[in-house]
There are 2 protein chains.
Amino acid sequence: MEAEYGVTLAFDDDGLVPVIAQDRADGTVLMLAYATATAIERTVETGYAHYYSRSRDELWEKGATSGHRQRVIEVRVDCDGDAVLYRVDQTGGACHTGHRSCFYRRLSGDEIGERVFDPDDVYA
Amino acid sequence: MEAEYGVTLAFDDDGLVPVIAQDRADGTVLMLAYATATAIERTVETGYAHYYSRSRDELWEKGATSGHRQRVIEVRVDCDGDAVLYRVDQTGGACHTGHRSCFYRRLSGDEIGERVFDPDDVYA
């Protein structure tokens, strides 16, 4: 069952919509992932970020394994309804590499982002 | 010919990668669009944001019609190489609706974003 919102979401042929997670305190773009209608519903219901893992092909509660959850303060939708923005308070780091943000590299390969945890401690 | 960078980009089956445009001054997430390898190349070469328009099926130089160009200060890539972040100085507004950001609505439908131009003046 699909929840009803004020804005209609435009999911793609696979039933997914891209979601940007942004730190609401300082504006850092933390990650880009995908959500199904169910993932959006769970996010709204629980107040914690849910996505859909395309590699594992399952609903993904961010931080269920690592503890690095995202408290979702606000869900925004773009003009066409085909992209979503979660404004979050991030516990720990968003990236499985241990960086605070998944966008820790320039296209040139320079590493600029901060590493906030050791992935071996979290995903061992 | 695909340009070589320090980071290898993972394009999807359609040759696209999602790109987040973020205002580098205040961190506002302005829009989400898609780029081909050529669009990324043109962005790097010119210093102005290029995307691929899926609706028009063509390379899209942001602001070519509206004048609302994006000077790209930095191109970042995420951990998996399958998402890109343009950090930009935005002229005018990013959204064709006249809003500064395409994410001007909450999921509830509440409008919260600032409108910075009248689209009738720009896209008439």
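1. How many bridges join strand β1 of chain B to strand β6 of chain B, and do these strands run parallel or antiparallel? In this predicted model, β1 (residues 17–23) and β6 (residues 84–90) of chain B run parallel and are joined by 5 bridges. For a spot to look at, try B:D23, which stands opposite B:V88 in β6(B).

2. That pair belongs to a wider sheet. An open sheet of 5 strands, with mixed pairing, has the order β7(A)-β5(B)-β6(B)-β1(B)-β2(B). The edges are held by β7 of chain A and β2 (29–35) of chain B; each has a single partner strand, so one side of each is left without a neighbour in the sheet.

3. It is worth zooming in on the place where the chains meet in this sheet. β7(A) and strand β5 (residues 70–77) of chain B run antiparallel and are joined by 2 bridges. Here A:R105 stands opposite B:V77 in β5(B).

4. Now to the sheet that begins with a strand of chain A. Its 5 strands follow the order β2(A)-β1(A)-β6(A)-β5(A)-β7(B), and this sheet too is open, with mixed pairing. At its edges stand β2 of chain A and β7 (105–106) of chain B; each has a single partner strand, so one side of each is left without a neighbour in the sheet. Within this sheet, β5(A) pairs with β6 (residues 84–90) of chain A in the antiparallel sense over 7 bridges. One place to check this is A:V75, whose bridge partner in β6(A) is A:Y86.

5. How are the two copies related? Chain A superposes on chain B after a rotation of 180° with 0.0 Å of shift along its axis, at an RMSD of 0.0 Å. The two copies are thus related as by a two-fold rotation axis. If you would like a landmark for the axis in chain A, take A:G27: its C-alpha is the nearest to the axis, 2.5 Å from it. The same surface serves both copies, as 100% of the contact residues of chain A recur in chain B.

6. On the contact itself, 29 residues come from chain A and 29 residues from chain B. On the side of chain A that touches chain B, at least two residues are supplied by each of β1 (17–23), β2 (29–35), β5 (70–77) and β7 (105–106) of chain A. The largest share of that side, 4 residues, comes from β5(A). By class, the side of chain A that touches chain B has 16 nonpolar, 7 polar and 6 charged residues.

7. Another part of chain A deserves a visit, the hairpin of β3(A) and β4(A), which has 4 residues between its strands. The two strands pair in the antiparallel sense over 4 bridges, and in β4(A) the bridge partner of A:Y51 is A:W60. For anyone checking backbone angles, A:D57 in the turn has a positive phi of about 60°.

8. Last, a residue from the same region. A:R56 sits in the loop between β3 (50–53) and β4 (58–61) of chain A. Is A:R56 buried or exposed? A:R56 has 8 other C-beta atoms within 10 Å, and a residue with 12 or fewer counts as exposed, so A:R56 is exposed. As for its place relative to A:E111, the two residues are 55 residues apart along the chain, and their C-alpha atoms are separated by 28 Å.

Definitions and conventions: Residues numbered from 1 in each chain as written. Chains lettered and ligands numbered in written order. Predicted model: local features only at pLDDT ≥ 70, side-chain atom pairs only at ≥ 80, totals over all residues. Contact = placed C-beta atoms within 7 Å. Nonpolar A, V, L, I, M, F, W, Y, C, P; charged D, E, K, R; others polar. Pairing = 2+ DSSP bridges. Buried ≥ 20, exposed ≤ 12 C-beta atoms within 10 Å, placed from the backbone. Least-squares fit on C-alpha atoms with pLDDT ≥ 70 in both.
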